Structures are given as structure tokens and as C-alpha cells.
Amino acid sequence: MTSAGWIRTAVVVAFVGVVELLCRTGLIPNTVLIPPSEMARELVSILEGGEMTGDIAATFRNAVLATVIAVAIGFAVGIVIQAMPALRRSVEPLLASYYSVPTFIFYPVFIVLFGVGDRAIIAIAVLLAVVAMITATLNGIDRIPPVLKKTARIYRMSRVRTALLVELPAAAPYLFTGVKLSVAYAFIGVIASEFILSGSGLGYEIAYAYNNFENRKMYALMLLVLLSVALINSVLDVIDNRLQSRLRR
Amino acid sequence: MTVDPSMTQISAPAPADVHVSLRKVVRTFVLPSGLPLHALGPIDLDIGRGEFFAVVGPSGCGKSTLIDVLSGLSPPTGGDVLFEGKPVHGVPDGVGVVFQEDASFPWLNVRDNVAFGLRRAGVDGAEVKRRVDYAVGFVGLNDFSAAYPAQLSGGMRQRVCIARTLVLQPRLILLDEPFGALDQQTRLLMGDELLRLWRETSATVLLITHALDEAAMLSDCIGVMSSRPGRFIDFVRTGWARDRDNRVVSTPHFGEITARLWDKLRTESMKIMGVQSPSSPGPR
Amino acid sequence: MRQHLATLLVFAALIAAWQLLYLIAGDVALASPVATVRRMVEMLQTRSFWDNARETGYAFLCALALALAGGVGLGVALGLRRLAAVVAEPILITLYSIPKVTLYPLVLLTFGLGISAKVAFGVMHGLIPIAIFAMNAIRQMKPVYLRSSRVLRLTSLQTATSIVLPAILPELLSGVRIGFSLTLLGVLIGEMFASRHGLGFLITNAMGLGDMATIMAVALFLTAFALVANGMFSSLNRMTHR
């Protein structure tokens, strides 16, 4: 691990330590927050117990599906928009304002279209994530240095080969930023939907625990979400660094 | 314009009124890998008050590091830097630097750029106006005083940076390859500007350049630096009169100077070409 | 001219898609464009709508001010020290990727119900993106500016206000633009969970009553607001563009 990594670990550990202390001494009341060690203990017992496995699996599966779909659609739409400047200019303000509207209010639409359950959740998550991917695709294609495309033409490469062998690798770092964001939004979308309007999944279990004052269980699950997100981000970061190093001069 | 027959000296020239002094100055960096990079030194140098001193050397030899150390931007790892007899800690009063990159602030127009340092130093409005008017006029940007850097050419932007330095009336002016990004014709004209600036301010000037003709044409004395770690391997006194301009390039003496410089530099530069590995990072 | 035609076409296409969706999904899921507009016009004439809008607006401004101050402050502080930025960035991004919905119970337990919870939600959504943008804006700043500030022997405060801030302004504005939308979203969500006032509450209330027309009317109003705000940011962007 790099020295920055060690410092980061130290910072996180110190922070958790402080929170632990504040909880144990009662400066943060137990009704608000339970000590991190308690959260961890509860989480371990929940995982061992196995009653949550179905929910956890459902959440992750939905998030992955939503990501894949959002990335595919976002990429395709991004390419189309980029190719038509007039369309782009009209659509861009809408894209920029997109995240102001709480999109999950359209949940009822998706229930009607897809029925209650996973499909509607995935649809909401895709709706949330797709715009991030579209924007990243636009940005990535913009940033392909024109000189690379000229080089491809000097080599008399076909359109397809140019796209696959020159443009895609050149845009890859920016596209990957879109993928990272899509993962984050898909996750958020799935869990938020489960939280508010569902009968299964991690989000639902957290809401249920909250409503029934089962703080221990609630915090344990929140910890699980936090750890999963951290893990996924670390993996994505490693890949991202490999891609980004190409950009560094 | 007399020619000094013994114009070359291997040891540092010892002027009577020493303005800037470097004693056994060494600068070492620590690379991200943890290995030390010996960038500069040991350097021994005395520059006289009001002298125009140029430094030439192969790329990567540590010339810019010399500016950092002289200006107080970074402390030497070993040795002493003295300015006006006092050791340098941080940037001393009376030092101006013109950097290699364009340092003009894109969000200010030419006047405001030039006035920037004065305003921050709390100089009063009338004095600011007087000095800015003078400096902008001096570098010939009167017609552009309301323009923004984005509207100006590279040469004009460097003139803005020079005006910004001039306006503070520095006693020591350090220039780090200030004309590197400019085309040859502009460089020649800027060279004349620099001489005017030097005579006008009576400042001591240290110019870093990779252009031998520029060094030979402008300076009183040229220090030739070796490849990294940079040390002085030669000092060449030009012997030009103070009121020189770029017409000196047509004298035979000019040719002798540049020939001598290139003679020393060729070997150093070839060392760089031979041993340079593509992945060696610089301390920048 | 072609530009405006294109925009009109896009709008027309969106409305057509909307109508189509309505025909498929029906009243239980959507309101038709016509019904939505009618409801919105009705709504804009009622006193209670504007009372609620004012509630939301007030909470939003508080949240935005805090998110800006905190985000810019944090981002600049981190951006100035390279090591701090490298250490902090993954932490910030991870915090940001956590479905904030999972932290809502914590916020509600800490702040109770009411305006402070709403503001907290807003800040929670907006602060980190602003901080990340500010941090990157600083890191992208040309190093020669800082060196110039040292040669000119400026104090840290002078360096920060007269060099750093103007230099990072365009990048910073992009972050603020995004933070603006997200903070508004946060406040709305807060109202949906934790309040009996505000536009978010109107939405939740209407959801409970199955009143799709109101939900969509409020959403339409918010969209219009977002578009206007976005337009202002665009002009601002053009003005600072050099």
C-alpha cells in the first residue's frame, strides 16, 4: 500500500476510534448511535444467521443489473447525442438539470409497466444512473484528441476499426468515470427504492428496522452498506488508476 | 569595446561589489521511490551588483533549481546563499522572478496584472497608477492595457510578466528561460527589451537560457553548467559595453564567445543524449 | 433559428412520450400532460402552495450556504496540500457513494423532525460534490501562480483571495452548479421524510392520496425551477470564461 493508503487507513481508524469512545462514554446517546464495535458484532451475527442472505443477494443482483443496463443505454445514447450537435444543444440543459428532480416519484409508472418487484426497482435505478453515463460518454468523446482521429485516417482505417482501436481506448478513462458514477447511482437507486417502496432487499430491511426501533439491526445493515460501497469503490479505483495513468504526461 | 584576451576563467569571477553569493550550494531531491536525486552543485558563484549574468547548460542540468535556490523559493540542501550580504530565508525583499511558464493571471487585464503586486503591498493609489503607467509603457503595451491575457500573444504575455516584475523595482531580477516559448524574431526583440530593463533599473540580472546566442549577446558574464548534477565548468566574460544592443551579433568576438560556449556544452549535451533513460522523472 | 427549432422538437418529443406513457400506464401511475399543467396552474394560484414553496426555499438557501461554505472550505484546504488531497479523495468519494438513504435514520435521530433535519439533508447531499470539485479545481491550478505569489511575498490570505479564488472560479462554478441541484434534492427528500411543510411534504402527501396530478405538477414546477437556475449558471459560466 502506498504511504497515502497508510495515512488514509490511519485516519479512518482514528475516526472510528473517536466515535467508539464518544458512544461508549455516552456523549453520543445510544438512542442516536450505537458504538461501531456493537454494529460490527451485530453484523457478524446477522451474516452468520443467514436470514438476510436473500435480501442482500437481491439488492446486489439488482444493483449489478441496473449498472449494466444503465452503462449500455447511457453509452449508446451518449454516442448518438454526441453525433448530432443540434440535438445535444437542446438536450444538454435537461441533462444538467436532471438530478434536481426526485426521480423516484415515477416509481408508480414503473410498477404499472413492470409490475411490483425487482423490475420496477431496476428501472428506477437505471433511470437514476443513465444520465451520469450519458454525460460521461459525451465528455469522453469530446476529449479524444483530434490528432488521433487524423492519424487513423492517414492509416486509412475503417470507421469501425477507428472506433474500436483508437477512439474507445482514448475515451476509456472518461468512460470509466461514467461507469463508476453509474455503479454509485445504481446502488443508491436500488437501496432508496427498496427503502421507500418495497418488501425485500437491504433498503427495505433497514427501513423496517428503523420503523420498529431495532437500532442494532438497523445500524448493522447500514454498516454493511458502507463496507460494500467502500470495497466496490476500492476495486473500481484500482482499475481507474490504471486507465488514468495513460492520461498523465 | 575592448576584448579581454583571457576571457575564460575556470574559477568563479570575484567582483568588487558582491550582490549575490553562493557558497558550496547543493540541492538534492528525494524521489517518490525514496532515492535521492542530486540535482545541483556544489556551486560557488559571486555576482557583482548591477551585473548581467547568464547561465547556459544542457536540459535537465538544474538551471531552474538554481533560480529556486537563489530566490529563496526552496532552501539549499547544503551551502549558503547570500543576498546583499545576508543569508536568504524565504523570498527576500527586492527580488523579482520571471518564470518560464506564462504567469499572467487570466482573470485580470494587463493593467491589473501589472498593478497586482503593488496593490497587495499596500502602495497608495496614485503611486500605483504612476508606476503601472510607466511599466506598461516601458514594455510597449500601452495600446493593450485593458486587454486580457487570453487576447494577447505569448510574447506580449511575457511582457506583462516582465512589467509586473519591473513595477516592484527589484534589485535582483531572475529570469528562467523567459523567452523559451517564443519564436526567434520575438526573442531577439525581447532581448533588447531586457537590456533596456537592465539599464533602466540598474538591477543585477541573472538569466537562464538554453540559447547560446542570447546568452552571448546580452550578458557581461556567462556561466556554463555541466549536466546533472549542475556545476559550473566554465565562466566566459563577454566584455561588452553597458549600452550594447543586438548589433553585437555581427562582431567576430560574438562568434568566438558562442563557439567557446558550444565547445564546452557539446560534450555535456552528448552525455545527456547518451545516458538519458525515458522514465527518469525530473524534480519539477 | 435551427437551434430553437431543435429545442422545440425535443420538447415536443418529450411531451409526446409523456402522453404515450400516460395512455399505457393510466391514471394510477401518471397524470397526462394536460392534467398536470392544469393542476399546476391551479396550484400556483393557491396561497398554501406558495407557503410551502417558501418553506422549501428557506431551508434550501440555508443548506446551500452551509454546503458552499463547508464544501469550498474543505475542498480548498485539501487541495492546497497534495498529500491531504490524495488521502482524502477516496474517502470523500466513498462517503458520497453511500446511498444517503441509509443514513437518513441517523440524521432524523440526531436532528429530530423539522427544519434542521431538512437543512442537514440538503447539506449532506451537496457538500461533498462541491468539496470534490473545489479540491480538483485547486489541484488543476497552474503551479506557477503559487510560485508567483511567493515571489511577490503575499500573505496566505492574500494568496487565497486574490490568486487562488479567481484561478479556480470556473471549475468551482461547475461544482456549485451540481451542488445546487443536489442540495435542493436533499432538502426535498428531507421534507418527504421529516416535515409537515414544504414542497417535499406536498409530494408525500399527494402520494398518500394517490393524487398523481399534484405530484407531477410539483415535479414540473421543480423542473422548471431547475432549468431556470441552470440557465443562470450557464450565463455565469460564459461570463467567467476566458
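Modeller: Two residues count as in contact when their C-beta atoms, placed from the backbone, lie within 7 Å. The model is predicted.

Biologist: Which helices of chain C are among what covers the buried residues of α2(C)?

Modeller: Start with the residues to be covered. Thr36(C), Arg39(C), Met40(C) and Met43(C) are the buried ones in α2(C). Their cover includes two helices of chain C, α3 (47-80) and α10 (212-240).

Biologist: Why do those buried residues lie on the same side of α2(C)?

Modeller: An α-helix makes a turn every 3.6 residues, so positions three or four apart point the same way. Thr36(C), Arg39(C), Met40(C) and Met43(C) are buried in α2(C). They share a side of α2(C) because the arc they cover around the axis is only 100°.

Biologist: Which exposed residues does the opposite face of α2(C) carry?

Modeller: Exposed means 12 or fewer other C-beta atoms within 10 Å. On the face turned away from the buried side of α2(C), the exposed residues are Val34(C) and Val41(C).

Biologist: What span does α2(C) reach from its first C-alpha to its last?

Modeller: α2(C) runs over residues 33-44, twelve in number. At 1.5 Å a residue, 16 Å is expected. The model comes close to that, with 16 Å.

Biologist: How many nonpolar residues are on the side of chain A that touches chain C?

Modeller: Chain A puts 42 residues in contact with 42 of chain C. Helices supplying at least two residues each on the chain A side include α1 (3-24), α8 (159-197) and α10 (215-244) of chain A. By class, that side has six polar residues, three charged ones and, as nonpolar, 33.

Biologist: Which strands of chain B stand at the edges of the open sheet?

Modeller: The sheet has four strands, ordered β3-β2-β5-β6 (chain B), with antiparallel pairing. An edge strand has a single partner, so one of its sides has no neighbour in the sheet. In chain B those strands are β3 and β6 (86-87).

Biologist: Which residue in the turn between β2(B) and β3(B) has a positive phi?

Modeller: β2 (18-30) and β3 (36-48) of chain B pair antiparallel over nine bridges. Ser21(B) stands opposite Asp46(B), and Val25(B) opposite Ile43(B). Five residues separate the two strands of this hairpin. The turn residue with a positive phi, about 100°, is Gly34(B).

Key. Residues are numbered from 1 along each chain as its sequence is written. Chains are lettered from A and ligands numbered from 1 in the order in which they are written. This is a predicted model: local features need pLDDT of at least 70, side-chain atom pairs count only at pLDDT 80 or more; totals for chains, interfaces and linings use all residues. The expected span of a helix is 1.5 Å times one less than its number of residues. A residue is buried if 20 or more other C-beta atoms lie within 10 Å of its own, exposed if 12 or fewer, and partly exposed in between; C-beta atoms are placed from the backbone. The arc is that of the directions from the helix axis to the C-beta atoms. Ala, Val, Leu, Ile, Met, Phe, Trp, Tyr, Cys and Pro count as nonpolar, Asp, Glu, Lys and Arg as charged, and the others, Gly among them, as polar. Two strands pair if DSSP finds at least two bridges between them.
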